[in-house]
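Trainee: Hi, do you have a moment to go through a model with me? I'd like to talk it over piece by piece.

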Amino acid sequence: MDAEKEREIIRLWNRLRSLKRERRPIAAVVRQIEEAVAERERDAA
């Protein structure tokens, strides 16, 4: 797996946690994480 893609997923995950703590909407970040993970899985196949 590409290290840059892995860092992007970690960055998004940290953003999600931050938004949850602030009680702010998280749907957009969840979609971005889902897309990044799906892309990672496609690349691994």
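Mentor: Happy to; let's go through the fold, the packing and the buried residues. Keep in mind that this is a predicted model.

Trainee: Sure. How many helices and strands are there in the chain?

Mentor: The chain has two helices and zero strands. Its C-alpha trace spans about 35 × 15 × 10 Å along the principal axes.

Trainee: And how do the axes of helix 1 and helix 2 cross?

Mentor: Helix 1 covers residues 3–21 and helix 2 residues 27–44; their axes come within 10 Å and cross at roughly 160°. Angles over 145 degrees count as roughly antiparallel, and the two helices are therefore roughly antiparallel to each other. The crossing of helix 1 past helix 2 is left-handed.

Trainee: Which residues make the contact?

Mentor: From helix 1, K5, E6, I9, L12, W13, R15, L16 and L19 take part. Helix 2 brings V29, V30, Q32, I33, A36, V37, E39, R40 and D43.

Trainee: How do the residues of that contact divide into nonpolar, polar and charged?

Mentor: Ten are nonpolar, one is polar and six are charged.

Trainee: Changing topic: what is buried in helix 1?

Mentor: I9, L12, L16, S18 and L19 are buried there, and the buried residues of helix 1 pack against helix 2. Over the chain's 45 residues, buried ones make up 18%.

Trainee: One last thing: how far does helix 1 reach from its first C-alpha to its last?

Mentor: Helix 1 reaches 27 Å with its 19 residues, close to the 27 Å expected at 1.5 Å a residue.

Methods. Residues are numbered from 1 along each chain as its sequence is written. This is a predicted model: local features need pLDDT of at least 70, side-chain atom pairs count only at pLDDT 80 or more; totals for chains, interfaces and linings use all residues. Side-chain values use heavy atoms; hydrogens and water are left out. Axes are lines fitted to C-alpha atoms, for helices over the stretch in contact, and angles run from 0 to 180 degrees between N-to-C directions. Helices (H or I, at least four residues) and strands (E, at least two) are DSSP runs, numbered from the N terminus. Angles under 35 degrees count as roughly parallel, over 145 as roughly antiparallel, 65 to 115 as roughly perpendicular and the rest as oblique. A crossing is left-handed if the near helix is turned anticlockwise from the far one by less than a right angle, and right-handed if clockwise. Contact means heavy atoms within 4.5 Å. Ala, Val, Leu, Ile, Met, Phe, Trp, Tyr, Cys and Pro count as nonpolar, Asp, Glu, Lys and Arg as charged, and the others, Gly among them, as polar. The expected span of a helix is 1.5 Å times one less than its number of residues. Buried means under 20% relative accessible area, exposed over 50%, partly exposed in between (1.4 Å probe, protein chains only).
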